[in-house]
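Work through the exercises below with the sequence and the structure at hand. Each task is followed by a solution in steps.

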Amino acid sequence: VHGSKRKLEDLNVLLSRLPKSCKLHFESAPVKMVRASKQYMYDDAGTEYLDGINNVAHVGHCHPQVVHAGQQQMARLSTNFGFLTDVQGMYAKRLLETFPEPLNVCFLVNSGSEANDLALRLARAYTKKKDIICVDNAYHGNLGSLINISPCRFKKMQDFVKEDWVHVAPVPDVYRGIHRDTSNPGQKYATEVAKIITHAHANNRQIAGYISELTMTNAGVIKPPIDYFKLIYSIVRGAGGVCIADEIQTGLGRVGEHWWAFQHFDVVPDIVTCGKPMGNGHPMAAVVTSHQIADCLGDFISTYGGNPVACAIGLSVLDIIHNEKLMSAAKSVGRCLLEGFKAILPLHTTMGDVRGLGMVVGVEIVTDKESRKPSKEVAEMLSYKLKNDARMLVANDGPDKNVMTLVPPLCFTTDNAKQLVTKFDKLLKEIEDGLLGKDTSKSIDDGKISLDMISGIESDSDSDESEAKRARYDDVD
Ligand code: PMP
C-alpha cells in the first residue's frame, strides 16, 4: 500500500508540470515507462507490455544498430546546417531511392509538423495560389498553419473560425461515411472534391493543393476506395493544384508491399511528407518533391534538419528495414492481424468493421452492428482491459475514439499478432457479456474457431526469416 501511494504521488508530480492540453495514453491511469526493447515496453514496476501503439519505434525500440549509429556519429560530428557531409548526402540518396521519379529532391527537417508546413509553403510557392483542400477528421500537425487544416483538432476548439483558404472534403469512408454501401464510392467521393473546387472558383478562390494521408490513420484508419486517389489527383491537378501525400504514419515500409502507401493506390504525389519512423524515435522528418517544385522556394534554413546524427540514425533504420526484411514482415503480420480480426468479427455484437493496410489496422467498435453507432465506452474499456489484464497496448482512436488502432513496431511477430487477437476476442467478450448481463457472445475460447485455421495467420517464409534474424539480435543484446 505504501509503495502504491508513493507511486501515485510520483505520477502526480510528473503530471503537475504538464499542461492539461498535453495528451497522454490511458489518461485516467497513465503509465510511466522506463525502458523499451523491440516490440516491448517496460514500466516502473518492470511490467512488460506488448506495444501496438508506437509506430515511431519502427524497427523496434532501442534497436542496438540504431543506438550504435547515433552514438558513433554524436562522438564524431554534430553540426549546425550549412556544411556538406557525406552522411547527409548518403542519407538523401538512400531515402530518394525509395521514391519514383520525379520525386528526386528532399528537404530534411525535424518533425512531421515541420514537414507538412513546408509542404504547404512549397505548394503555394509553386502554384502561386493559396487555398488547400484537406479531408475531414484529418490531423496534420501542431503548428498554427496545420491546425487550420486539421479538422480532427479544430472541430473540438471553441471559438475556432475556419479560414477561408481551407476546404474540407468528406472522409472517403465506405463504412460510415456519406457514400457507404454503394457502388463506385471512389467516384462519388472524388465528385465531392470536384464540387468543392467548382464552389471555390465561383468565389474567386484558387486551389494550391490537396493534402491527405493515404490511409487516414487519424480519421480512424480509413482506407479509401482503390480508385479514389487517381481520380482526386487528376481533378486537383486539372484545377492547377498540387497533390500532397502525408506519409508520416503510413510511410517507410509500414504498408508492407511498398515503401510508401501512395504506391498501393498507383499514384505519384507532387509532394510527400514523412516523419515518425525515419529516426526510430530520434526526431527527423522530410519533404520529398521534384526539383521543379523545390526550386520555387527561395531560401531554406533548418538548424537541426539533416544534421549528421539524425542522418546516421536514418541510414541505420533503412539498413535494418532491408536486412531484417521488415517490409515483408509488415505485409504478412499485418495480414495476420487483419484476417484474425475479420475472423472474430461475426462473434461480437460490438465489432462493426475491420480494415487496414499492412501494419496499419483499425477495428471499429460500435453499440450494435445495425446502427453502426460508435461506442467510445466499449473501445475505452477494451483498451484499458488489454493493458491491465493482457499487458498489451492498443489505442482507441479516431474522431469518436471508437477505433482500436494498431500501428506497432514492424518487428511485431505472427505470434504477437495471434496472442493479441486471442486476448482482444476474450476481453471484448467479457465486456459484451458484462454489458448485456448474460453470456450471449461467442469467442475463440469456446472452441468454435481456431486462429491457426485462418489463412492469414500462417506466416510466410520471408517473415520467418525476418523473425529469425531478429532472434539473433536477442543474443547480442
Ligand atoms: N501528420 C500525421 C498523419 C500525423 O499522424 C502526425 C503526428 N501524429 C503529424 C502529421 C505531425 O507530426 P509531428 O507530431 O512529428 O509533428
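Two exercises follow, one on a helix pair and one on two domains.

This is a predicted model, in which local features need pLDDT of at least 70, side-chain atom pairs count only at pLDDT 80 or more, and totals for chains, interfaces and linings use all residues. Residues are numbered from 1 along each chain as its sequence is written.

**Exercise 1.** Describe how helix α13 packs with helix α14.

Solution. Step 1: locate α13 at residues 376-390 and α14 at residues 414-436; helices are DSSP runs of H or I with at least four residues, and strands, labelled β, are runs of E with at least two, both numbered from the N terminus.

Step 2: the angle between them is about 125°, and their axes lie 10 Å apart. Axes are lines fitted to C-alpha atoms over the stretch in contact, and angles run from 0 to 180 degrees between N-to-C directions.

Step 3: α13 is therefore oblique to α14, since under 35 degrees counts as roughly parallel, over 145 as roughly antiparallel, 65 to 115 as roughly perpendicular and the rest as oblique.

Step 4: residues of α13 including V378, M381 and L382 meet residues of α14 including F424, L427 and I431; contact requires C-beta atoms, placed from the backbone, within 7 Å.

**Exercise 2.** Which parts of domain 1 touch domain 2?

Solution. Step 1: the domain assignment, automatic or from a database, gives domain 1 as 2-61 + 325-476 and domain 2 as 64-323.

Step 2: the contact takes 31 residues from domain 1 and 30 residues from domain 2.

Step 3: α12, β11, β12, β15 and α15 each supply at least two residues of the side of domain 1 that touches domain 2. The largest share of that side, 5 residues, comes from α12.

Key
Two residues are in contact if their C-beta atoms, placed from the backbone, lie within 7 Å.
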